[in-house]
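Colleague: I'd like to go through this one feature at a time. Could you give me the general idea each time, then the case here?

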There are 2 protein chains.
Amino acid sequence: MAAQRRNTRQRKMILEAVRDSRSHPTADEVYLMVRKRDRKISRGTVYRNLNLLVEDGVIQIIKTSGGNRFDGCTLPHAHLTCTSCGAVTDVGVAPDTSIDEFVEGRTGYAGISHYTIFEGLCRACQLDEEPPQDQPRQTPKRRDM
Amino acid sequence: MAAQRRNTRQRKMILEAVRDSRSHPTADEVYLMVRKRDRKISRGTVYRNLNLLVEDGVIQIIKTSGGNRFDGCTLPHAHLTCTSCGAVTDVGVAPDTSIDEFVEGRTGYAGISHYTIFEGLCRACQLDEEPPQDQPRQTPKRRDM
DNA sequence: ATTTTTGCAAATCATTTGCATCAGC
DNA sequence: GCTGATGCAAATGATTTGCAAAAAT
């Protein structure tokens, strides 16, 4: 049988931290937030619980180029990440689920879902990167070929 | 000024390996392939060159849940990964670039592009996972909220 | 001749894990 | 009291990096 979850003090704090955060925090950011409330909590506990919460569908993980982040909102929606600072924001574009069945039929894969990630330079980073003119902080996307 | 690239024996081999492979190999798989031709090549060289090739737009990197993979085809196209074995295949769905401008206008981000990753269980893994009935090899997607 | 690149090994970074103890239920 | 969870520290895995020697232009 599947293991039964216990409502530990730590797990509650971790879930709250993810839900209260508008910023799609990384695991380490969650650790830092929770550590303000509990000086003794360990990174291992944070990682373990984030994984369990994702597994249970309570939160979702977002795998961006800049690393993994967590989102307290499990409703399907796209994300936009800044290629320079790594910030992640929500995009109000409803995912087209009909395409999943199409791909399912085409490929023979089962239980298909999909996610979309937008990448670009956020306003703050646009300003930062103009003046020096030297090397861009991160690789600009190529579009040739 | 940007560094000028040199056409080293190693770089050529690495590019060939990625292009010849239909399987969207990981960095380590590329290393193993290339090592068959050059027993002395190092992982560092493979990683460095893969990064340079991506930077120059010669190949593309695909960040899947199962790890980073490389694709010799830089034409925009979606990918489908198996949530169990991690295999990556191409999906013949043309990305809708008009949506990028829309998001650009909505968010103020610059130079937006996007990519879509489909996830599901490949045919081989479907067969593997039926019989035992115990625990699935990897977390099945939850869809409730 | 100059400057990039290589091979190697050590370093880094994020994440996972073993284990004895602790705490939900 | 049983079993899952915690904290700690060590382990892992993927990727990056410093450096002297080698190769490309």
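Colleague: Let's start with Cys125(A): buried or exposed?

Modeller: Some ground rules come before that: this is a predicted model, where local features need pLDDT of at least 70, side-chain atom pairs count only at pLDDT 80 or more, and totals for chains, interfaces and linings use all residues. Residues are numbered from 1 along each chain as its sequence is written, chains are lettered from A and ligands numbered from 1 in the order in which they are written, and side-chain values use heavy atoms, with hydrogens and water left out. Now the general idea: buried means under 20% relative accessible area, exposed over 50%, and partly exposed in between, using a 1.4 Å probe and protein chains only. With a relative accessible area of 5%, Cys125(A) is buried.

Colleague: Which element holds Cys125(A), and what is Cys125(A) in contact with?

Modeller: Elements are DSSP runs numbered from the N terminus: helices are H or I with at least four residues, strands E with at least two. Cys125(A) sits in helix α5 (residues 123-129) of chain A. Contact means heavy atoms within 4.5 Å. Once neighbours within four places in sequence are set aside, Cys125(A) is in contact with Cys82(A), Ser84(A) and Cys85(A).

Colleague: And where is Cys82(A)?

Modeller: Cys82(A) is in strand β3 (residues 78-82) of chain A, and its relative accessibility of 3% makes it buried. Not counting residues up to four places away in sequence, Cys82(A) touches several residues, including Cys122(A), Cys125(A) and, from the other chain, Tyr109(B).

Colleague: Which of these cysteines does UniProt annotate as "binding site"?

Modeller: A word on such records: positions are given in the numbering used here, feature names are shortened, and annotations may be inferred rather than shown by experiment. The unreviewed UniProt entry puts "binding site" on Cys82(A), Cys85(A), Cys122(A) and Cys125(A). They span 44 residues in sequence, yet no two of their C-alpha atoms are more than 8.2 Å apart, so they gather at one spot.

Colleague: What about His114(A): buried or exposed?

Modeller: His114(A) is buried, at 18% relative accessible area. UniProt lists His114(A) as "binding site" too, again in an unreviewed entry. The residue belongs to strand β5 (residues 110-121) of chain A. Beyond its neighbours within four places in sequence, His114(A) has contacts in both chains, among them Pro95(A), Asp96(A), Thr116(B) and Phe118(B).

Colleague: What joins the side chains of His114(A) and Asp100(A)?

Modeller: A polar contact of 2.6 Å. That term means a pair of N or O atoms within 3.5 Å; within protein, one must be able to donate a hydrogen and the other to accept it, and residues adjacent in sequence count only if both atoms are side-chain atoms.

Colleague: How do I read the relation between chains A and B?

Modeller: In general, two copies of a chain are related by a rotation about an axis and a shift along it. The copies are superposed by least squares on the C-alpha atoms of residues with pLDDT of at least 70 in both. Here, a rotation of 180 degrees with 0.0 Å of shift along the axis puts chain B on chain A, with an RMSD of 0.0 Å. The two copies are thus related as by a two-fold rotation axis. Thr116(B) has the C-alpha nearest the axis in chain B, at 2.2 Å. As for the interface, 100% of the interface residues of chain B are also interface residues in chain A, so the copies meet through the same surface.

Colleague: On to the DNA. Which residues come nearest to strand C?

Modeller: A residue is near a strand if one of its heavy atoms lies within 4 Å of it. Of the 21 residues around DNA strand C, Arg6(A), Tyr47(A), Arg6(B), Thr8(B) and Thr45(B) come nearest. Tyr47(A) has a side-chain N or O atom 2.7 Å from a phosphate oxygen of DNA strand C, and for a polar side-chain atom of Asn51(A) the distance to a phosphate oxygen is 3.0 Å. With 4 residues, α3(A) gives the most to the surface near DNA strand C.

Colleague: And which residues come nearest to DNA strand D?

Modeller: Arg6(A), Thr45(A), Arg6(B), Asn7(B) and Tyr47(B), out of 21 residues around DNA strand D. Of the strand's atoms within 4 Å of the protein, sugar and phosphate account for 68%. Asn7(B) uses a backbone N or O atom, 2.9 Å from a phosphate oxygen of DNA strand D, while a polar side-chain atom of Tyr47(B) lies 2.6 Å from one. α3(B) gives the most to this surface, with 4 residues.
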